[in-house]
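Visitor: Hey, can you walk me through this one? I'm new to looking at structures.
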Amino acid sequence: PPPGGPYGSPYGCPQPGPYGGAAPGGNAPPGVDPEAFSWFQAVDEDHSGFISVKELKQALVNNNWSTFNDETCLLMINMFDKTRSGRIDVYGFSALLRFIQQWRGLFQQHDRDQSGSISFSELQQAFSQMGYNLSPQFSQLLLARYSQRCPQPSIQLDRFIHICMQLQSLTDAFREKDTALLGNARLSYEDFLTMVVTRML
Amino acid sequence: MAYPGQPAPGGFYQGGYGGAPGGPAFPGQAQDPLYGYFAAVGGQDGQIDADELQRCLTQSGIAGAYKPFNLETCRLMISMLDRDMSGTLGFNEFKELWAVVNGWKQHFVSFDSDGSGTVDRQELEKALMTMGFRLSPQAVTAITRRYSTQGKIAFDDYIACCVKLRALTECFRRRDATQQGFVNFHYDDFIQCVMSI
């Protein structure tokens with residue numbers, strides 16, 4: 001097996017940060033910067049002190065000005081919702097904005113031709129750089145599923161975030177079962193369903 | 001082991017999934033009322049994508065009194081039957097989808113005892129169990145959290161959930177060589193099979 005085992009460099013990118021870890025610089029103090037706070041107030045239309053999936057959708061846009069899709073917004077809310085209420089408060093929102101900023105940076109990095117979206121080859125390269133050893137057919141499939149039917153299918157920021165986060169989460173789940181780190185795991189049907197359902201929803 | 005939704009000998013789906021197997025075009029296709037809905041939205045290539053499927057299903061009235069399907073659910077439905085991985089459905093695949101969804105709808109209706117268009121966690125769990133999915137409590141919790149609004153799961157979300165479970169089951173079953181309920185997954189295959197759904 002290649003160095004790092006059958007997964008290539010260990011289970012995706014080893015650096016902390018854009019994959020859900022701490023902000024760059026490590027341990028940013030829990031606080032809210034003024035810009036995030038005023039943005040929060042603008043987005044919290046009903047002034048409930050919380051932002052729902054619907055309100056969040058209005059706040060987050062892709063490079064082509066489309067709003068973030070529902071699934072990604074839901075994923076974001078679940079990540080930053082400490083109360084499990086399906087909404088986030090100003091602290092969660094502030095953390096979410098920092099998180100998205102990091103992702104925008106990464107997205108731009110991989111958008112080599114600066115087109116504003118990620119093409120098939122850019123996606124392949126992104127996966128490869130993150131340490132994933134996935135087939136071209138897989139990237140094709142993701143593009144077919146998540147882009148419009150047009151001559152140059154490509155992925156917007158929201159789907160890029162969603163795809164990368166799911167990759168990370170499923171890899172973690174698989175690694176838990178592959179205790180010998182062989183790149184194989186024997187799964188029962190029920191285990192399989194539980195693993196996937198709890199990580200992908 | 002018996003997987004939920006697995007075709008019985010003879011090739012028809014059991015357990016309320018309805019649906020005839022896909023196959024070659026049959027005589028009288030043009031008179032099929034479903035073909036009318038399909039042709040109205042489909043392009044020259046005889047394939048429909050998620051947007052077109054959404055319109056098609058809405059016009060066919062399959063959701064009945066329930067809210068029509070959102071785009072993400074339509075995308076999921078396509079992935080469930082999209083054998084050539086094109087991101088689109090042909091007419092026969094559409095027919096199969098329609099029958100399967102109808103089966104699921106009947107099942108939902110039987111659990112929606114107050115006719116509210118929603119089911120609660122317990123009803124959802126029962127509905128899924130009676131379809132043959134043996135889900136752990138964590139799985140049911142994850143499903144409920146994902147699909148419920150104030151403890152209630154709407155018809156559209158229920159369908160999305162069924163599609164996902166069925167697709168995952170198919171993915172697993174195809175790899176279960178001895179049909180004992182175990183698969184030795186290689187990492188790459190696991191990722192690709194699961195994220196294709």
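Guide: Sure, and let's begin with a term: two strands pair if DSSP finds at least two bridges between them. Keep in mind that this is a predicted model.

Visitor: Okay, so how many bridges join S1(A) to strand S4 of chain B?
Guide: Five bridges join them, and the two strands run antiparallel. S4 covers residues 182-186 of chain B.

Visitor: Which residue stands opposite B:Val183?
Guide: That's A:Leu187, with B:Val183 sitting in S4(B).

Visitor: And how much area do chain A and chain B bury between them?
Guide: About 4,100 Å², with 63% of it on carbon and sulfur atoms. Chain A puts 38 residues into the contact and chain B puts in 45.

Visitor: Any salt bridges there? How many between chain A and chain B?
Guide: Two. One has A:Glu71 with B:Arg146, where the closest N and O atoms are 2.3 Å apart. There are also 10 residue pairs in polar contact between the chains, both residues at pLDDT 80 or more.

Visitor: What supplies the largest share of chain A's side?
Guide: H8(A), with 10 residues. By class, the side of chain A that touches chain B has 22 nonpolar, nine polar and seven charged residues.

Visitor: Switching topics: at what angle do H4 and H5 of chain A pack?
Guide: At about 120°, with their axes 9 Å apart.

Visitor: Which residues meet there?
Guide: From H4(A) you get A:Leu106, A:Gln109 and A:His110, and they meet A:Glu122, A:Ala126, A:Gln129 and A:Met130 in H5(A). That contact has three nonpolar, three polar and one charged residues.

How values were computed: Residues numbered from 1 in each chain as written. Chains lettered and ligands numbered in written order. Predicted model: local features only at pLDDT ≥ 70, side-chain atom pairs only at ≥ 80, totals over all residues. Heavy atoms only, no water. Axes fitted to C-alpha atoms, helices over the stretch in contact; angles between N-to-C directions. Helix = DSSP H or I, 4+ residues; strand = E, 2+ residues; numbered from the N terminus. Contact = heavy atoms within 4.5 Å. Nonpolar A, V, L, I, M, F, W, Y, C, P; charged D, E, K, R; others polar. Buried area = accessible area lost by both parts, 1.4 Å probe. Salt bridge = Lys/Arg side-chain N within 4 Å of Asp/Glu carboxyl O. Polar contact = N/O pair within 3.5 Å; in protein donor to acceptor, adjacent residues only side chain to side chain.
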